[in-house]
Amino acid sequence: MIAHYKWIYKAVAIVLLTYALLAGLTVKLPYELPVIYESIRNLFYHVGMWFTMLFVFLISFIYSLRHLKGFNPDHDRVAAQAAQIGLVFGMLGIFTGMFWANATWGAPWVRDPKLNGAAMSLLVYFAYIVLRSSIADEEKKARISAVYNIFAFILAIIFIGVLPRISGDSLHPGQAGSPLTVAGLDPSLRAIFYPAVLGWILLAVWILEIKVRMSRLHNTLTERDYD
């Protein structure tokens, strides 16, 4: 019975992302914002991927804390896999954002504190992956990686959420003074945006579940080989 319920969120993810893809490309825009125009449709994909990245990084952060509390190897496994998935969604967010920036600002990358902060956040997590691969001892790797991962999440929040607001000169939509904020969206766009965000998050959870199961299986097979 439990296995059947596990498929519910997966089916919901497929439905929501299919809806977001089709509705996002076909919805009649209720207004035209200067500079942004039709490129606002990327809101349903680019922003959803960034929200998902932060959500999965939060899962990784929580499981790193749990690992330091009880030193459960499975908690470290979830933290590591969640960080990898967060990086994938972060890279997708970067690439979709570059298309949006090119259409809006005439270049795929401009000097903007939010863009630079996003890039710095990804570099911090790439360093996390490198750190894990550089330590052979599994217990030592898990402990050191957990500590680093906690600081990595805090830095990501600072780079993406705090510093751009302090600088006050970001061109990025959603910042202070921008013509586009989530709260200011027309209801017809919010009806697509929120399902899209939820769909991306559920997809990430689905991938995380698969990755964790694969990691457990690999660990089991490795232990059998040593026996």
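In this predicted model, the largest pocket has a lining of 22 residues, and those nearest its centre are D76, R77, R132, E138 and N219. The space inside the largest pocket comes to about 720 Å³. Four helices, α3, α4, α5 and α6 (187-226), put at least two residues each into that lining. The top contributor is α6, which hands over seven residues.

One of the residues around the pocket's centre, R77, deserves a closer look. R77 sits in helix α3. Is R77 buried or exposed? Its relative accessible area is 14%, and the cut-off for buried is under 20%, so R77 counts as buried. The R77 side chain has a polar partner, too: a polar contact of 2.6 Å links it to the side chain of D74. What does R77 touch once its neighbours within four places in sequence are set aside? The contacts are V212, S215, R216 and N219. N219 thus turns up again, having already appeared with R77 among the residues nearest the centre of the pocket.

Next comes helix α5, another of the helices that help line the pocket. This helix covers residues 138-167, 30 residues in all. How far apart should its ends be? At 1.5 Å a residue, the expected span is 44 Å, and the end C-alpha atoms are 41 Å apart, which agrees. Along the way, α5 bends by about 40° at I158. At the start of the helix, a side-chain oxygen of D137 comes to within 3.3 Å of the backbone nitrogen of E139.

Which residues of α5 are buried? The list is K141, A142, S145, A146, N149, I150, A152, F153, A156, F159, I160 and P164. There is a handy rule for reading such a list: an α-helix has 3.6 residues a turn, so residues three or four places apart point the same way. As for what lies against them, the buried residues of α5 pack against α2 (43-70), α3 (73-105) and α4 (113-133).

Zooming out, the chain is built from six helices and zero strands, giving the pattern α-α-α-α-α-α along the sequence. It has 227 residues, of which 44% count as buried. What about contacts between parts of the chain that are well separated in sequence? Among contacts between residues at least 6 apart in sequence, 77% join residues at least 24 apart.

How values were computed:
Residues numbered from 1 in each chain as written. Predicted model: local features only at pLDDT ≥ 70, side-chain atom pairs only at ≥ 80, totals over all residues. Heavy atoms only, no water. Expected span 1.5 Å × (residues − 1). Bend = angle between axes of the 7 residues up to and from the residue. Buried < 20%, exposed > 50% of the residue type's maximum accessible area, 1.4 Å probe, protein only. Contact = heavy atoms within 4.5 Å. Polar contact = N/O pair within 3.5 Å; in protein donor to acceptor, adjacent residues only side chain to side chain. 1 Å grid on protein atoms, 1.4 Å probe; cavity = no way out; pocket = protein on both sides within 12 Å on 5 of 7 lines; lining within 4 Å. Points joined across faces, edges and corners; volume = space filled by probe spheres on them.
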